[in-house]
Amino acid sequence: MRLNEIMRNFVFFRPKDRAVFEGRFVGRRRTHDAVFQYRMGAGMQGAVNRSHPVTIEPCMIDTSSSGSLEPQFYGSAVVADGASPNGVRVPISSDAAAAIYGFAVRPFPLQPTTGGLTTSFGTVVPPPTQPLDVMRSGYMIVKLQGVAPAFKGSLVQVCIVAGTGYLVGGVSVDTVSGTFVQLDQKSSFNGPADPNGLVELAFNI
């Protein structure tokens, strides 16, 4: 028996060979499978989770309305706005589904500067004075609003009027007249949300 075979058996399987070397038994060759007891998290809100195919465009944020039209979270739907500086804003009640220009992209996970360690990670508001990346087409992790569950292929509703449990620019499967507009068949959810309400959105595919 070659030395490497003796050492392999000594370490992993054959107690009788270990006696030759007077070593300590550290385990057997056979192992036990390990599993995750719960589902792994979907990702980070506003993060593009598939690098191909994806189309991302840098845009300025419309600051002409004293902050009322600025995106309040990454993963928010935005609408192209001809007002200065020819940037993007959140949807308003008069916007149709075809007006949705894209979704705000998180450049990297950010932590708010206030609230300490009790503040949820990744809940920072996009800086209004800096350019905002907008996903025009691709896959993104977004926060599912409302009560209806998402499933693969379910159509996307975009909130245009805030309500209980609904933020303007957010997405949902709920169909509430006057509160949501439904995107066309080129956009859909790609499965159920994780325990934190995060779900993969396929937009303009």
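These legends accompany close-up views of a predicted model, one small group of side chains or strands at a time.

**View 1. F103 and F203 meet edge-to-face.** There are two aromatic pairs in the count for this model. In the pair shown here, the ring centres of F103 and F203 are 5.1 Å apart and the planes stand at 75 degrees, an edge-to-face arrangement. The two partners come from distant parts of the chain: F103 belongs to strand 4 (residues 100–104) and F203 to strand 10 (residues 198–203), with the two positions 100 residues apart in the numbering. Look for both F103 and F203 among the buried residues.

**View 2. Y166 and F180 form an edge-to-face pair.** Here the centre-to-centre distance between Y166 and F180 is 4.8 Å, and the angle between the planes is 85 degrees. Y166 sits in the loop between strand 6 (157–159) and strand 7 (171–172), while F180 is in strand 8 (residues 180–182); the pair links parts of the chain 14 residues apart. Are these two residues, Y166 and F180, buried or exposed? Both Y166 and F180 are buried.

**View 3. R50 reaches both E200 and Y139.** The model has four salt bridges by count. One of them joins the side chains of E200 and R50, at 2.6 Å from N to O. Because E200 lies in strand 10 and R50 in the loop between helix 2 (15–21) and strand 1 (55–59), this salt bridge ties together parts that are 150 residues apart in sequence. E200 is buried, with a relative accessible area of 13%, whereas R50 is partly exposed, with a relative accessible area of 35%. Follow R50 to an aromatic neighbour as well: the charged end of R50 sits over the ring of Y139, 4.5 Å from the ring centre.

**View 4. R136 is shared between E57 and Y101.** The side chains of E57 and R136 form a salt bridge with an N to O distance of 3.4 Å. E57 is in strand 1 and R136 in strand 5 (residues 132–145), so to speak distant parts of the chain, 79 residues apart. E57 counts as partly exposed at 25% relative accessibility, and R136 counts as partly exposed at 25% relative accessibility too. Over which ring does the charged end of R136 sit? That ring belongs to Y101, and the charged end of R136 is 3.7 Å from its centre.

**View 5. D81, R89 and D95 build a salt-bridge network.** These three residues, D81, R89 and D95, are linked through salt bridges. For the D95 and R89 side chains, the N to O distance in the salt bridge is 2.9 Å. D95 and R89 are both buried.

**View 6. Strand 2 pairs with strand 3 and strand 4.** Strand 2 (residues 77–80) runs antiparallel to strand 4, and the two pair over three bridges. With strand 3 (residues 88–89), strand 2 again pairs in the antiparallel sense, over two bridges. V79 is a handy residue to centre on: its bridge partner in strand 4 is I100, and its bridge partner in strand 3 is R89. R89 is also the residue that meets D95 in a salt bridge, while strand 4 is also where F103 of the pair with F203 is found.

Technical notes
Residues are numbered from 1 along each chain as its sequence is written. This is a predicted model: local features need pLDDT of at least 70, side-chain atom pairs count only at pLDDT 80 or more; totals for chains, interfaces and linings use all residues. Side-chain values use heavy atoms; hydrogens and water are left out. Rings of Phe, Tyr and Trp (its six-membered ring) pair if their centres lie within 6.5 Å; planes under 30 degrees apart count as stacked, over 60 as edge-to-face and the rest as tilted. Helices (H or I, at least four residues) and strands (E, at least two) are DSSP runs, numbered from the N terminus. Buried means under 20% relative accessible area, exposed over 50%, partly exposed in between (1.4 Å probe, protein chains only). A charge sits over a ring if NZ of Lys or CZ of Arg is within 6 Å of the ring centre and within 35 degrees of the ring normal. Two strands pair if DSSP finds at least two bridges between them.
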